[in-house]
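Please load the model in the viewer and keep a selection panel at hand. The stops below are meant to be followed in order.

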Amino acid sequence: YYLPISDRTPVIGNYAAYMGNLQSPWDHDLIFTGALSLASRGIKPEVHIIGSGIELDHWKCFCLENSLTNIHFLGRLGDLEMQVELENAKVLLNPMRDTLLNQTRCSSKLLAYAQSGRPVIAHIVGEVEELLGSFLVGVQVDEPIMDRLARFLNEVSPDLPPKIIDHSYKE
C-alpha cells in the first residue's frame with residue numbers, strides 16, 4: 001500500500017499522529033489511556049488521530065470527559081490528505097500489545113508510515129522492526145507508548161529533516 005506522491009515539501013508540525021481503525025482488537029486504547037496518564041503529570045503533547053471505527057465516539061467522549069484537549073480527531077482522510085498529515089507530523093505512533101494476532105500480522109499502516117519518512121514510535125512486536133528499520137524509535141512492549149512520546153519530544157532536535165529516507169513508490 002503506497003500513498004500517492006506529493007511534490008510538496010513537508011512542513012513539520014509539533015504533533016504526533018496515529019492512523020488506524022478505532023475498533024477491537026487494535027491497541028489504540030494505549031494512546032488514550034497513556035495521554036490521560038501524561039496529563040495527570042502536566043504533560044499534554046498534541047496528537048492527531050486519523051481514522052474512524054466503531055469506538056470513535058467512545059474515545060471522543062473519553063477525551064472530552066478527561067479534558068484531553070490535546071487529542072484531535074481528524075476522521076477518515078482521503079489518501080493525499082492522509083499523506084500530508086503523516087508527512088507533517090513530528091513523529092508517528094504505532095502501539096501494539098504482544099499478542100499472537102500482532103505477532104503474526106503485517107500492519108499496512110507501517111508501509112504508509114515508512115513512506116512518510118517520519119520517525120515512528122512503535123512497540124517492537126512481530127514484523128515492526130523489520131518493516132520500519134531506520135524509522136523506528138523502538139519501545140519495549142512493557143513501556144507505555146505515550147511515555148516514550150514525551151521522552152522523544154524532549155530529546156529530539158526541533159529541526160528534524162522533512163524525510164529521513166525517501167520510500168516513495170515512483171513508477
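**Stop 1: a charged network on a helix**

Select helix α7, residues 145-155: R151 and E155 both belong to this helix and lie 4 residues apart, about one turn of the helix. The model is a predicted one. Display the two side chains, which meet in a salt bridge with an N to O distance of 3.8 Å. Colouring by accessibility shows E155 as exposed, at 53% relative accessibility, and R151 as partly exposed, with a relative accessible area of 37%. Now add E143 and R148 to the selection; salt bridges that share partners join E143, R148, R151 and E155 into one network.

**Stop 2: R97 and two aspartates**

Centre next on R97 and show D27 and D29. Side chains of opposite charge can pair when their charged atoms come close. R97 forms a salt bridge with D27, with the closest N and O atoms 2.9 Å apart. R97 sits in the loop between β4 and α4 (100-103), and D27 in the loop between β1 and α1, so this pair ties together parts that are 70 residues apart in sequence. A salt bridge also joins R97 to D29, and here the closest N and O atoms are 2.6 Å apart. That pair again links distant parts of the chain, 68 residues apart, since D29 is in helix α1 and R97 in the loop between β4 and α4.

Are these three residues buried or exposed? R97 is partly exposed, with a relative accessible area of 33%. D27 counts as buried at 6% relative accessibility, and D29 counts as buried at 18%. The count of salt bridges for the model comes to 6.

**Stop 3: the sheet**

Switch to a cartoon view and select the strands. An open sheet of 6 strands appears, with parallel pairing and the order β3-β2-β1-β4-β5-β6. At its edges stand β3 and β6; each has a single partner strand, so one side of each is left without a neighbour in the sheet. From one strand to the next, the twist averages 25 degrees.

Within the sheet, select strand β4 (residues 91-94) together with strand β5 (residues 120-123), which pair in the parallel sense over 3 bridges. L92 stands opposite V120 in β5. Then add helix α3 (residues 79-88), which lies across β1 (16-19), β2 (47-50), β3 and β4 and runs at about 155 degrees to β2.

**Stop 4: the two sides of α2**

Which residues of helix α2 (residues 56-65) are buried? Select L56, W59, F62 and C63 to see them. They cover an arc of only 125 degrees around the axis, which puts them on the same side of α2. These buried residues pack against α1 (29-39) and β3 (71-75). Rotate to the other side of α2, where D57, L64 and E65 are exposed. Just after the helix, S67 takes a positive phi of about 55 degrees.

**Stop 5: confidence**

Finally, colour by pLDDT. The mean for the protein is 84, and 85% of its residues reach 70 or more. Confidence is highest in α2, at 98, and lowest in strand β6 (residues 136-139), at a mean of 74. Select residues 164-171 last: pLDDT stays under 50 over this stretch, for which the model has 18 contacts beyond four places in sequence.

Technical notes:
Residues are numbered from 1 along each chain as its sequence is written. This is a predicted model: local features need pLDDT of at least 70, side-chain atom pairs count only at pLDDT 80 or more; totals for chains, interfaces and linings use all residues. Side-chain values use heavy atoms; hydrogens and water are left out. Buried means under 20% relative accessible area, exposed over 50%, partly exposed in between (1.4 Å probe, protein chains only). The arc is that of the directions from the helix axis to the C-beta atoms. Contact means heavy atoms within 4.5 Å. pLDDT is the predictor's confidence in each residue, from 0 to 100. Two strands pair if DSSP finds at least two bridges between them. Axes are lines fitted to C-alpha atoms, for helices over the stretch in contact, and angles run from 0 to 180 degrees between N-to-C directions. A salt bridge is a side-chain nitrogen of Lys or Arg within 4 Å of a carboxyl oxygen of Asp or Glu.
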